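Student: Could you take me through one part of this structure slowly, and then show me what else in the chain is held together by contacts between side chains or with metals? I would like to look at one metal site in particular.

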Amino acid sequence: MAGRTDSFDLGTLALASGEGRRLTLAVAPGSFDFGGTNYDVEPEQVDAILDISRMTHGGYALRLRFTAGLTGPCMRCLEPARPTIAVDAREVDQPGGGEELRSPYVDDGELDVAAWARDAYALALPTQVVCREDCAGLCPECGVSLNEDPGHAHEREPDPRWAKLRELRFE
Ligand SMILES: [Zn+2]
Ligand SMILES: [Zn+2]
């Protein structure tokens with residue numbers, strides 16, 4: 001795999017109006033912190049497909065695609081989780097096209113691949129990182145994994161036999 005590409009000068013492609021190019025480059029979205037717990041992207045560096053089109057009125061239409069796993073504890077049961085996150089992000093940068101046609105990741109033809117890859121990955125993350133979609137989580141009363149013990153339940157009332165025993169003991 002080639003070295004990581006943090007930024008890329010779109011001008012070096014010398015694309016004519018309406019012309020496009022597809023590149024494969026390495027990105028590293030980094031690690032993320034959720035409530036003080038660290039989640040790492042794995043592998044740290046992945047290949048991304050970058051599509052670059054030179055628009056007829058100048059500027060560029062860009063598309064970045066890659067897939068990378070995220071590792072960390074399941075937010076429901078605390079067992080290791082490794083969801084695969086698929087990123088498919090688009091940007092348009094057209095100087096003179098108005099505020100909404102400027103990409104925050106393009107500055108004077110220089111594409112900030114590192115910042116875009118990280119932000120796009122963060123946006124693609126699920127609201128909750130889980131080991132599997134139907135993870136049952138932990139028992140809120142005793143912390144037992146409900147994945148391993150699906151029939152697990154607590155008696156709502158203390159067992160009357162124990163209450164009797166306590167009475168006997170403390171009399
Ligand atoms: Zn889980
Ligand atoms: Zn329990």
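Tutor: Let us begin with the zinc ion (ligand 2), whose donor residues follow the spacing C-x2-C-x9-H-x1-H in the sequence. Before going further, please keep in mind that this is a predicted model.

The residues behind that pattern are Cys139, Cys142, His152 and His154, and they coordinate the zinc ion (ligand 2) through SG of Cys139, SG of Cys142, NE2 of His152 and NE2 of His154, at 1.9 to 2.3 Å. The four donor atoms subtend angles of 102 to 117° around the zinc ion (ligand 2), and because of these angles the arrangement is tetrahedral. Within this site, Cys142 and His154 form a pair that links distant parts of the chain, twelve residues apart, and each of the two lies in the loop between helix 1 and helix 2. Are these two residues buried, exposed or partly exposed? Cys142 is partly exposed, since its relative accessible area is 40%, and His154 is partly exposed as well, with a relative accessible area of 28%.

The zinc ion (ligand 1) has its own set of donors, which are the SG atoms of Cys74, Cys77, Cys131 and Cys135, lying 2.2 to 2.4 Å from the ion. In sequence, the donor residues of the zinc ion (ligand 1) are spaced C-x2-C-x53-C-x3-C. Cys77 lies in the loop between strand 6 and strand 7, while Cys131 lies in the loop between helix 1 (113-124) and helix 2 (160-170), so this pair ties together parts that are 54 residues apart in sequence. The site of the zinc ion (ligand 1) is tetrahedral, with angles of 106 to 115° among its four donor atoms. As for accessibility, Cys77 is buried, with a relative accessible area of 6%, whereas Cys131 counts as partly exposed at 30%.

Metal sites are one kind of link, and salt bridges are another. The structure holds seven salt bridges. In one of them Glu42 is joined to Arg82, with the closest N and O atoms 3.9 Å apart. This pair links distant parts of the chain, because Glu42 sits in strand 4 (residues 37-42) and Arg82 in the loop between strand 7 (80-81) and strand 8 (84-93), 40 residues apart. Glu42 is partly exposed at 40% relative accessibility, and Arg82 is also partly exposed, with a relative accessible area of 43%.

A further salt bridge brings together the side chains of Arg63 and Asp88, at 2.7 Å from N to O. Here again distant parts of the chain are linked, with Arg63 in strand 6 (residues 60-73) and Asp88 in strand 8, 25 residues apart. The relative accessibility of Arg63 is 21%, which means that it counts as partly exposed, as buried requires a value under 20%. Asp88 is partly exposed too, with a relative accessible area of 45%.

Asp93 and Arg102 meet through their side chains in a salt bridge of 2.9 Å, N to O. In this pair Asp93 counts as buried, at 3% relative accessibility, whereas Arg102 counts as partly exposed, at 37%. Elsewhere, Arg22, Asp51 and Arg65 are linked in a network of salt bridges.

Arg102 also leads us to Gln94, a residue in the loop between strand 8 and strand 9. Which residues does Gln94 touch, if those up to four places away in sequence are not counted? They are Met55, His57, Gly58, Gly59, Leu101 and Arg102. With Gly58 there is something more specific to look for, namely that the side chain of Gln94 reaches the backbone oxygen of Gly58 at 3.1 Å. Gln94 itself is buried, with a relative accessible area of 14%.

Finally, look at an open sheet that is formed by three strands in the order 1-10-9, with antiparallel pairing. Its edge strands are strand 1 (8-9) and strand 9 (106-107), each of which pairs on one side only. Strand 9 is joined by two bridges to strand 10 (residues 110-111), and the two run antiparallel. Asp107 stands opposite Glu110, a residue of strand 10. Strands of a sheet pair through backbone hydrogen bonds, in either a parallel or an antiparallel way.

Methods: Residues numbered from 1 in each chain as written. Chains lettered and ligands numbered in written order. Predicted model: local features only at pLDDT ≥ 70, side-chain atom pairs only at ≥ 80, totals over all residues. Heavy atoms only, no water. Salt bridge = Lys/Arg side-chain N within 4 Å of Asp/Glu carboxyl O. Helix = DSSP H or I, 4+ residues; strand = E, 2+ residues; numbered from the N terminus. Buried < 20%, exposed > 50% of the residue type's maximum accessible area, 1.4 Å probe, protein only. Pairing = 2+ DSSP bridges. Donors = N, O, S within 2.8 Å, 3.2 Å for Na, K, Ca; no water. Tetrahedral: all angles 85-135°; square planar, octahedral: opposite > 155°, others 65-115°. Polar contact = N/O pair within 3.5 Å; in protein donor to acceptor, adjacent residues only side chain to side chain. Contact = heavy atoms within 4.5 Å.
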